[in-house]
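Me: I would like to learn how to read a few features of a structure. Please take them one at a time, with the general idea before the case.

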Amino acid sequence: MTLPEFFGCTFIAFGPPFALFVFTIANDPVRIIILIAAAFFWLLSLLISSLWYALIPLKEFLAFGVVFSVCFQEGFRYIIYRILRSTEQGLHAVAEDTRVTDNKHILAYVSGLGFGIISGMFALVNVLADMSGPGTMGLKGGTELFFVTSAAQALSIILLHTFWSVIFFNAFDTNNYIHIGYVVGSHLFVSLITLLNANELYTTTLLINYLVTILTGVLAFRLAGGTSRSFRKFITCQ
């Protein structure tokens, strides 16, 4: 059962993001480059945020490390926002599909997906390695729900990073500081909520995470110009 569980959890976490990549990014070299660049910037934020461990009085408090990490991730999200906005003319000149620069939300979506995919990979890769066998119903005698919960939370964080970037980029374009605060605050809230998993409160963390994911997705959809009418047309393939 270890391999079916391994592949099942892998597809839960990375199936939808892979579909998004195939259908919206893979055919455009510029979008692929932006996605890879965004993933690289997230890795830089992870590297720098590890410095919190050097703060001897606070290194035993995991919650402080989470706050430190979120702040650096959002800092690097802003850096890539500035880079993409300053290179729009160059991207427009080399892009085969000029929609990538004509529609500013596309740049935000692609960079957010890059942030999310690499974040999900780092969150889940060690769990998947343990899941592949031999028999592992849970870690250290824990519940068997640990693996599927980890996969579902990885999917949630991938989608959230995508939505957060759309909101974040638009907020700086329009000087909407409330939305900037929402991105940083919800990122911090969702990250801290996952600490409850140490007490095996998986249902609570998943419900909260996906509630935030849905609300954030709706906000990003609205900011990108989506309407209930366009959503119905999408669902009905019109």
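Me: Is phenylalanine 122 buried, partly exposed or exposed, and why?

Reply: The model is predicted. Buried means under 20% relative accessible area and exposed means over 50%, with partly exposed in between. Phenylalanine 122 has a relative accessible area of 44%, so this residue is partly exposed.

Me: How many aromatic pairs does a search of the whole structure find?

Reply: The search finds 10 aromatic pairs. In one of them, tryptophan 42 pairs with phenylalanine 122 at 5.6 Å centre to centre, with 50 degrees between the planes, and the pair is tilted. Tryptophan 42 lies in helix 2 (residues 29-49) and phenylalanine 122 in helix 6 (residues 104-131); being 80 residues apart, they link distant parts of the chain.

Me: Is tryptophan 42 buried or exposed, and why?

Reply: Tryptophan 42 counts as buried because its relative accessibility is 5%.

Me: Which residues form an aromatic cluster?

Reply: One aromatic cluster is formed by Tyr78, Tyr81, Phe168, Phe169 and Phe172.

Me: What should I look for in a nonpolar core, and which residues have the most contacts inside the largest one?

Reply: In soluble globular proteins, nonpolar side chains tend to be buried together. Here the largest nonpolar core has 44 residues, and Val110, Leu113, Leu124 and Phe169 have the most contacts inside it. Among the elements that give two or more residues to this core are helix 1, helix 3 (62-86) and helix 8 (177-193). Setting aside residues up to four places away in sequence, valine 110 touches Ile25, Arg31, Ile34 and Leu35.

Me: How do I read a pocket, and what is the volume of the second largest one?

Reply: Rolling a probe the size of a water molecule over the atoms shows where empty space is left. The second largest pocket has a volume of about 980 Å³. The lining comprises 21 residues, of which Leu20, Tyr109, Phe221, Ala224 and Phe234 are the closest to the centre of the pocket. Helix 7 gives the most to this lining, with four residues. By class, 11 of the lining residues are nonpolar, eight are polar and two are charged.

Me: Where is asparagine 209, and is this residue buried or exposed?

Reply: Asparagine 209 is in helix 9. With a relative accessible area of 2%, asparagine 209 is buried. Leaving out neighbours within four places in sequence, asparagine 209 contacts Gln153, Ser156, Val190, Ile193 and Thr194.

How values were computed:
Residues are numbered from 1 along each chain as its sequence is written. This is a predicted model: local features need pLDDT of at least 70, side-chain atom pairs count only at pLDDT 80 or more; totals for chains, interfaces and linings use all residues. Side-chain values use heavy atoms; hydrogens and water are left out. Rings of Phe, Tyr and Trp (its six-membered ring) pair if their centres lie within 6.5 Å; planes under 30 degrees apart count as stacked, over 60 as edge-to-face and the rest as tilted. Buried means under 20% relative accessible area, exposed over 50%, partly exposed in between (1.4 Å probe, protein chains only). On a 1 Å grid over the protein atoms alone, a cavity is a set of points where a 1.4 Å probe fits but cannot get out, and a pocket is an open set with protein on both sides within 12 Å along at least five of seven lines; lining residues have an atom within 4 Å of a point. Grid points are joined across faces, edges and corners, and a volume is the space filled by probe spheres set on the points. Ala, Val, Leu, Ile, Met, Phe, Trp, Tyr, Cys and Pro count as nonpolar, Asp, Glu, Lys and Arg as charged, and the others, Gly among them, as polar. A nonpolar core is a set of buried Ala, Val, Leu, Ile, Met, Phe, Trp, Tyr and Cys residues joined through side-chain atoms within 4.5 Å. Contact means heavy atoms within 4.5 Å.
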